[in-house]
Amino acid sequence: MTINDYNFAGKKAIVRVDFNVPLKDGKITDDTRIKGALPTLKLILEKGGALIIMSHMGKPKGKVKPELSLGQIKDAVAAALGVAEVKFAPDCAKAEAEAAALKAGEVLLLENLRYYPEEEGKPVGVEKGTPEYDEAKKAMKASQKEFAKKLASYADCWVMDAFGTAHRKHASTAVIADYFDDDNKMLGLLMEKEVKAVDNVLNNIERPFIAIMGGSKVSSKIGIIENLLGKVDKLILCGGMTYTFAKAHGGEIGGSIVEMDKLDVALNVEKLAKENGVELVMAPDATCCDGLDFGTMTVKEGAKIETYPSNAIPAGMEGLDAGPEAQKNFAEAIKGCKTILWNGPAGVFECDEFTAGSKAIGDAIAEATANGAFSLIGGGDSVACCTKFGLTDKVSYISTGGGALLEAIEGKVLPGVAAVKGE
């Protein structure tokens, strides 16, 4: 069943969205995720349905934390939907009365799903690797099913529209599917777009295909890097992982971030790239500093900012961005490509002094997109880069999911998608 074909008239739809939005003093600082869900939510209302919205916020780990209450955003959700009121159920597991009273055109927002450990299905307060943990895990799985059954009881149909959590087999993202037949469970419009975008990148490749992988650690990206080496023509590796590669060749990296236990992994990535005929592009130089305050993301007074070769950074200096030569090389590599995937920044872009590398990548992607390339931007930091540099409308598609996008590209089956499709 597809959401466009479904008759929502007179029915209650429970929709899993990703409203895990950033807050400051109780106010939303970035409403991208709410905007992403609006087409699905508005379609259900337009078709005469009643909406029950469920989401998580933050990581309360099975405990009630007022600062992570979804009640803080109900008025913002109402304004975004264009409705007078969004009703609120302060306990997502005891919302029978609120759900039963809901009429066509009305909206109910459930409290943070992760106030209940049953949502994630992980035992709380028991040490992993012990017999007690194994027993607690079995009990929790049974409780998770009951929690999912309770959520399902509120509605006539279930819509999965939270791509950002589709890689998790949680009660609301996958287990709940067991309590709806195939005609009453479906992907939302955002999920459909996300799945199609990933499919475009991996299965409808127009070449040359380039992937840009940034971020601080090789270890967190190794699975996707290895998978991409069998698909891409070019691969840019940037960000903090630059210095692990430099160190693997005996380079001096000063105080730059490094994974000393992954030097062999870095060398193997280079070997695989060569074997697969992939052009591997890395930063030959780095913009370095001896005084960045990571707490405030500001350069301390009197601190030096200098450019050095990535493999010859003096003691006391830390590589924080791709240097001028690297920026040129990255832009040149992206130029002329027809399929582009970007995940992870080239530096500490949150600090204005170290945005140049990420901006060079973003600008080059925007130019290639204007010349007909399909560009997929994924992962929170890459999306934040596009927003910061005003590029959101200059790329083909911006994914709302970080981990889910990476796992999909890595070739893994996403539980949130499989649950709907019955895979």
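The structure holds 15 salt bridges, a salt bridge being a side-chain nitrogen of Lys or Arg within 4 Å of a carboxyl oxygen of Asp or Glu. Before I go through some of them, a word on the source. This is a predicted model, in which local features need pLDDT of at least 70 and side-chain atom pairs count only at pLDDT 80 or more, while totals for chains, interfaces and linings use all residues. Residues are numbered from 1 along each chain as its sequence is written, and side-chain values use heavy atoms, with hydrogens and water left out.

One of the salt bridges joins Glu-96 and Lys-150, with the closest N and O atoms 2.4 Å apart. This pair links distant parts of the chain, since Glu-96 belongs to helix H3 (residues 96–100) and Lys-150 to helix H5, 54 residues apart. Helices here are DSSP runs of H or I with at least four residues, strands are runs of E with at least two, and both are numbered from the N terminus. Both partners are partly exposed: Glu-96 has a relative accessible area of 36%, and Lys-150 is at 28%. For these words, buried means under 20% relative accessible area, exposed means over 50%, and partly exposed is in between, with a 1.4 Å probe and protein chains only.

Helix H5 also holds a local pair. Glu-135 and Lys-138 meet in a salt bridge of 4.0 Å, N to O. They are three residues apart in H5, about one turn of the helix, and both are exposed.

A further salt bridge is that of Lys-388 with Asp-352, where the closest N and O atoms are 3.1 Å apart. Lys-388 is in helix H12 (residues 380–388) and Asp-352 is in the loop between strand S19 (339–343) and helix H11 (356–370), so this contact ties together parts 36 residues apart in sequence. Lys-388 counts as partly exposed at 37% relative accessibility, whereas Asp-352 counts as exposed at 59%.

Next, charges without a salt bridge. Which residues form a positive surface patch? They are Lys-59, Lys-61, Lys-63, Lys-65, Lys-122, Lys-128, Lys-137, Lys-141, Lys-145, Arg-168 and Lys-169. Patch residues have over 30% relative accessible area and no salt bridge; like charges are joined within 9 Å, and nonpolar side chains (Val, Leu, Ile, Met, Phe, Trp, Tyr) within 5 Å. Lys and Arg count as positive and Asp and Glu as negative, with His and the chain ends not counted. Among the patch members, Lys-137 sits in helix H5 (residues 131–152) and is partly exposed, with a relative accessible area of 38%.

Lys-61 is another member of the patch. Its place is in the loop between strand S4 (50–54) and helix H2 (74–81), and at 60% relative accessibility it counts as exposed. Lys-61 has a positive phi of about 55 degrees although it is not a glycine. In general, most residues other than glycine have a negative phi, and most peptide bonds are trans. Met-297, also not a glycine, has a positive phi of about 55 degrees too. Met-297 is in the loop between strand S14 (292–293) and strand S15 (298–299), and it is partly exposed at 24% relative accessibility.

On peptide bonds, Arg-207 and Pro-208 are joined by a cis one, with omega of about 5 degrees. Pro-208 lies in the loop between helix H6 (189–203) and strand S9 (209–213). The C-alpha atoms of Arg-207 and Lys-185 are separated by 36 Å, with their positions 22 residues apart along the chain. Lys-185 is in strand S8 (residues 185–187) and is buried, with a relative accessible area of 9%.

Now the interior. Is helix H8 (residues 241–248) largely enclosed or open, and why? Seven of its eight residues are buried, so H8 is largely enclosed by the rest of the structure. Those buried residues are Met-241, Thr-242, Tyr-243, Thr-244, Phe-245, Ala-246 and Ala-248. Just after H8, Gly-250 takes a positive phi of about 85 degrees.

Last, the overall picture. The protein chain has 14 helices and 21 strands. Of its 423 residues, 51% are buried. Its C-alpha atoms fill a box of roughly 65 × 50 × 45 Å along the principal axes. The radius of gyration is 23 Å, which agrees with the value near 22 Å for a compact globule of 423 residues; this radius is taken over C-alpha atoms, and the globule rule is 2.2 Å times the number of residues to the power 0.38.

How values were computed
Areas by Shrake-Rupley, 256 points an atom, 1.4 Å probe, with all protein chains shown as cover. Charge placed at Lys NZ, Arg CZ, Asp CG, Glu CD.
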